[in-house]
Structures are given as structure tokens and as C-alpha cells.
Amino acid sequence: MEEIKNRVLQVLSDGNLDYRQKKHHLAYIAESTQDYPDILKEATEALNEKIICDLFEGNAPYRPRYVLPDYAYALKNGVNYLELEPPTNFDEAINFLSILYLQVPSITGYSVYLGDIDTLLLDYVGDLSEDKIYKKMKLFWRFIDRTLPDAFVHINIGPEDNVIARVILRIERELKQVVPNLTLKYDPEITSDELLLEASKTVFEVAKPHIANHKMTAADFKGEYGVVSCYNSLPVGGGSHTLIRLNLKKITDLHSGNAESFISGTLKKYCEMTLDVIEARSKYLVECVKYYDTDFLAKEGIISLDNFSAMFGFYGLAECVNQLMKRCGKELCYGKDEEANQLAHLILEEMKKIVDARELPYCKANNGKAFFHAQSGIDIDIEETAGARIPIGSEPDIYSHINTVAPHHHLFNGGISDIFHFDETVKRNPAAILDIIKGAFRKGMRMFTFNLSNGEFIRITGYLVRRSDLKEFREEGSRYGSALFAANSMDNANVDNRVSKRVISNEQVAGKY
Amino acid sequence: MSKLQANISGIIKSSVIDGPGNRMVIFFQECNLNCMYCHNSHTIGLCNLCGTCVDTCPTNSLKIDSENKRIIHNENTCTRCDECIKVCPENSSPFYKQMSVEDVICEILEVKDFISGITVSGGEVMLHAPFLSLLFQEIKSHSDLKHLSILIDSNGNIEQEKWNSLLPLIDGVMLDIKAYSAKTHKQITGYSNEKILKSIEYLNDKNKLKELRFVLTPDYNNDESELREIAKLMKSVSPNVGKTLIKMRNYGIRKEFSFLREASSEEMNFAKNIFVQADIDILVI
């Protein structure tokens, strides 16, 4: 009890946290007084050792990690719980969504998915001029940034070229806000080159949107999908109960044999253990908390348990592969040497098989299996490279980089990201970016994210921060929950020096107290 | 395929500054101008096997292969200190390679999914017109490559008829004008500019002039009358031709020309204003 009191006091007296942030951390401490869902002792130890990481989701999951409301359904049917009638015009639609956003749970307390916003709003445009839409959207965008101040809050546009998508890109360039994070769903057969060009020019200014390979991603889902948080692709009207990630570096440290025995022994053992944790947490949420029986989103059909699954993530592939290579007496590196790349592919394919072989409860959205996800890292990852990325600073030339990672992107129905860096000169020739994105998707990449060197916005692992916010945070705290995360990442992972780039998230903040 | 070969000084597989989109750029060895500010002066001359570089190489990575009349370069021991390039009396390099059209096509195929097109550059690429003709025909008849655009980056110092067979195969030519007055041109490049001015006119008439660039070199081509002549020339070509004013950078130029100085921002603005006054939409870089 004394320990809890001290932790609470630490939060209460932390001048860098605002009121709402304090409340969030206090809730985390309260949750930590509960016993962890029922798992084997070995799994508990693995969690304690951070061999398996639950991304600070808390001891007693009382809301899903990722919720993707079916906003189209809500707009059409209204929401009884919030006493909202279906909107009849643009203003009402924006007002409706603004209210609903604030009610969507997540680990960070802020909704990770705000919908495919252009598609949602196009029905309400009526005879509004582009200028009127622009003015209304600009206020809406300010509302989103100020009320949902978390870089994991994510919104989608595309694949069709339309007035709202274009207005959003313009507003993004003007407002230069961290929130919302943004993905353009891109399909060369549907999306115009002009929209992709607008998107690329927007990346030059604010390091977003990310470009998702729409055709490839859509094929992995029964219904609609959304890209949320840090490159997680999940079903709309559902989501993921939990995301548990396996530290491949740490399990390689524990392993004492060669690559072959690693794959057949250690890897399999820890993948199963990770899946045990996923199963226990999902059951707790569904059976003990009865979230899906009680929350208004589920009761009103805006989400449905049938559209949920869980996510199996991992990180530190590069360190795992390089270490296994070393053990065979070979100084070969992932991203640089073909033999190392082949081993990486083999490990990923093996993991995918293990994940796909395990029947999990309450994972109907993916036919009873977890979504496989290359987790893009958090601030505490000091020795491990995010997901299946090539370590920061040792990325090869862009074609080799794409050719190394593209062959495994198809495995990741839960999402994967690699970040590419371009020199400022590309600003004069944005068509060059289009060529590379199209080429990358032809090679099988699922998601393309790029940054310009020396941009004001920095991607940490999956989310964005402004350079100035980082500086400010180090001095006096930031309005954005994710700035702490980013500051830690910058300190720990050298992300500022990457030859290619991307940003992170907020989940672990509470674990600090 | 033809046995015709060309001396290739380098290939850049991704360039965003050699025409629209992402492009593969193929650099040819040998030039028929000798610009004072040339940043790639080792691409001007051809190797005559004099052996100066072989004797200079600190890691003994170069050898003369007299039988095949070439320099053998050991990539494993070479540290790319570029001493060989600095001492070459011919403004050449031991690194360029003979490549066939087939070799170049293989290189393009490797990156075809990522590029809008190719740009051939130099040296002076038009010295290899027969090779280019074959290369371009091969690209245009290849099912995986025919969509690629083809740009030529040339100094224009070439007989008019050399362009003829190439024009139907290419999308355009990017060309520099170093000076309008023949005298100044000779000072900067060592040669007069009659052929270049004709090339500009001819390519513009044929609708194949893509870009016309002018490199501002203080104390040589930055006086008002010279600038007004250049502006007149730029105005005489189609408004669709991109026009660029480039600041000469003295980084990487040969020691003997280290006296060249970069234009101040006032000098750049002065030049820019002359073009703007002439109603020319000009990009300054």
C-alpha cells in the first residue's frame, strides 16, 4: 500500500503532467493493483524480464487496445447512448463525429481511429463549395488536435481522389499539427497521380500521410479496414483486444544453439508463450470485464465482438538475425547480406506459421487467429530495432532497402512499416517519390512511409512529433502525451540519425510511475 | 545485339535531379568542351595508358593491362582516395568501363519498376550518337522498358545531323548555354558556341528542347550585356522549355581553376532580375 501511495504522489506532484494526463496515470496505478490475467509462471517471468512485452496495457484489461468504430453505421443509425440522431448535413456530421470520438476507448485514452473521414463526410457535402468545406474542416482539424492530443490518433483518406481528401492535405500543410496521424489508402487503379502528388508534397511539410497499399491490405480483411495507431491495419467495426510483442533479441540471447535449433525450439516456445498471454488477456476482457456486453459501442452495433481479433507483434528481428549469423561464424548483417536476409525471411515465415496454427478465442475477425504485426517500437527499446526494420543508420540504398523488406510484407496482415529518408532536393521533383512508391508497391510493400531530412516533424517509430515540442518537453512538458515517448526514443534509439525515418506512441507512459 | 560499346563513367540508379521523376542516369566518358568549373573533370578525357595513375596509387590498386589496352582496377584494395583522378594529365579516370547496349539494358531492367525514365549524360553524350541510337531503339522495343522516358543531357556542341536519328526516340534534351558571346564562351569552355546555338534553335523547332540552363560565372558571363543576350536567347525558345539559372559552385572543381568565385546573392539577384524583366519564368538553383 505504501508503494502505491508513493506512486500516486509522484503522479500528483509531477508538474510536467496536465490534469487529464495525471488522471490517466492514476487509473493505470489503480489497475495495477489487480492480479494479471491467468498465465503460467514462466510467462509472468518473461513479462517481467520484458522478453514478452504487453506494451503497458495494464494488469486488468477493461477496454480493447484498438477500437475501430464503424462510423458509417453510427452516422446512418444515430447513437442512442449519446442521444445523437443521424446527421442531415455537413455541420451535423462533424458535430456528431466530434462527440463520438471522445467516447471511444483505447489504451492511451484517445481513440486510435477516427474513420475514413473523406468517405464518411462526402455524403454530407451537398452543394457546399470547396472553400466552405475547407473552412469547416480546418476548425474540425483544430478540434481533433486540441481534444485528442495523442500522436496515435489516426485518420484515413482515399483511395478515391475527392474534394475532402484534398482539402485535408491542404489543411495539414497549413496547420502543421501532430494530430491526427494520417494514412492515404492508395490503389494505382483508383487513386489519381495528382492526389498521390498532393500527399507527397504534404509529407514534405508534415511527414504524413503514410501511404498504404490499399489493394494488398484490403484483401486481408473480410470487410472494411482502417490503418490506426502505428501502422496497425485492423477491421472496421472491430479491432484488436490486445497487442503483445515478443522481443526477438532477448530470446536470441537466451538461446544457446544455432539458427536451426533457434527456429525449431526457442522461437516456437516463446511464440506460444506470447500467444498464451494474448489468450489470457482477451478472455479477461471478454469474460471477466464483459466489455463487449456492456459498452454502448458494442450494444448499438458500432463495434461487434465478431469483428475483433488480437495482435501478435514482435521486434528486434535485425539483432536476432545478426546474432545468429555471428554464432555460425559469419559477420553477415540483415539489410546488407543476402544470407542474413534469407534467414530473416525464414524466421518471419516460421513465426507466421506458428501464429496461424494457434486457434484463439474471440478472434473471429481473423478466423480465430491473431493478426501478425511487425511492431514499430516504443521508447524503451534501446537495443532492439523496431519490428522487421533494418537498423537505423545501416539502411542500404533505397532499392536494396525495398528489395530486402518487400518480400516479407505480405505476411503482416496486422501491419508493418519501414521508413525511407529522402534528401531535400526531392522537393523540386516530387514525381520521383511517386515512382518509388509505385515501384515499392509493385514489389509487394504493404505500407510506405517517408520523411525528409531536417524536416520539422520527426517520426519516432510510428507517430510524429515536432522537433520544437521535443525541445519544449525536455524543458517544461508538452500538451501531447506522446512527446514524452518521443523524447525517450530520441534519447534511446538514435532515431534522429536514421538514414530513413518514422514516429512512436504513448502506451508506456503510465508504466513510468 | 550489336557489339558496339561505349565508355561509361558511371551509372546512378536513382536520381531526382536529372529530369522529371525518379531516373536512372548513365554518364558517358569524354567531352568536347573543357569548362573551367567542370565538377566531373575526370570525365572529359580518355585514358591513353600513360600509367601516371598506376605509379601514384597509394594502395597499388591499379595495373596496366597492355594486352587489352586498359587499366585494371582492384576494387577490394582501392580506398577511393581519388589520387589517380587528381594526377591524370588527360582529365580522365581509371574507373570508366566499356559497356555494350546489352549491358546497359541489364542495368535498367534491374530498376525498371522504380523509375520514370533514363537520362543519358556525360561527358558529352552526343559523341556517342550511334550507341545512343541503338540503346534507345532497344528500350523502345523492349516490352518492359518501352514506357520509360528518355532524356539527353548535352552541351549541344554537336553537328545538327547527329540529332536527327535520335529525336524520334527521345522525350527531350536538357542543354546548357555557357555564354552568348563566342569570346566569353571560349574563355569558359575552351571552344566557341556556334554549334550550341544552332542546336538550341534546332531542338526548339523540333519541340525537343526540354530545359535550357545558364550557369552564372562571375567575372566571365555576368555583365549586363551578356545577361541580356542570354535572356533574349531564352525568350526566343518556347515558353514550355524550362529555364534555369544555376549558381556556379566552386566545390569539386580542378585546382587550377580555384580562382573562380561563386556569385554573391546580390549578383544572383541581379542576373535573376534581368530574366524576370524579360518576362522569363526562371528557376534559380
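**Close-up views of a predicted two-chain model**

**Figure 1. A:Phe56 lies in the loop that links β1 (52–53) and β2 (66–68) of chain A.** The model shown here and in the following views is predicted. The backbone of A:Phe56 has a phi near 55°, which is a positive value in a residue other than glycine.

**Figure 2. A cis peptide bond connects A:Gly158 to A:Pro159.** The omega angle of this bond is about 0°. A:Pro159 belongs to the loop between β4 (154–157) and α8 of chain A.

**Figure 3. A salt bridge is formed within helix α8 of chain A by the side chains of A:Glu174 and A:Arg170.** The N to O distance in this pair is 3.4 Å. Because A:Glu174 and A:Arg170 are four residues apart in α8 (residues 163–175), about one helical turn separates them. In general, side chains of opposite charge can pair when their charged atoms come close. Over all chains, the whole structure contains 51 salt bridges.

**Figure 4. The peptide bond from A:Val179 to A:Pro180 is cis.** Omega for this bond is near 0°. A:Pro180 is placed in the loop that runs between α8 and β5 (181–186) of chain A.

**Figure 5. Strands β12 and β13 of chain A run parallel and are joined by four bridges.** Strand β12 comprises residues 419–422 of chain A, and strand β13 comprises residues 447–452. A:His421 is positioned opposite A:Asn451, a residue of β13(A). From β12(A) the chain passes through α18(A) before reaching β13(A), and this β-α-β crossover is right-handed.

**Figure 6. Chain A and chain B meet in a contact that takes 16 residues from chain A and 14 residues from chain B.** About 1200 Å² of area is buried between the two chains, and carbon and sulfur atoms give 61% of this area. Nine residue pairs are in polar contact between chain A and chain B, counting pairs with both residues at pLDDT 80 or more. On the side of chain A that touches chain B, at least two residues are supplied by each of α17 (398–409) and α18 (431–442) of chain A. Helix α18(A) provides the largest share of that side, namely seven residues. Classified by residue type, the side of chain A that touches chain B has eight nonpolar, four polar and four charged residues.

**Figure 7. B:Asp113 and A:Arg442 form a salt bridge through their side chains.** The N to O distance for B:Asp113 and A:Arg442 is 3.9 Å. Two salt bridges are counted between chain A and chain B.

Technical notes. Residues numbered from 1 in each chain as written. Chains lettered and ligands numbered in written order. Predicted model: local features only at pLDDT ≥ 70, side-chain atom pairs only at ≥ 80, totals over all residues. Heavy atoms only, no water. Contact = heavy atoms within 4.5 Å. Buried area = accessible area lost by both parts, 1.4 Å probe. Salt bridge = Lys/Arg side-chain N within 4 Å of Asp/Glu carboxyl O. Polar contact = N/O pair within 3.5 Å; in protein donor to acceptor, adjacent residues only side chain to side chain. Nonpolar A, V, L, I, M, F, W, Y, C, P; charged D, E, K, R; others polar. Pairing = 2+ DSSP bridges. Right-handed = clockwise from strand over helix to strand, strands pointing away.
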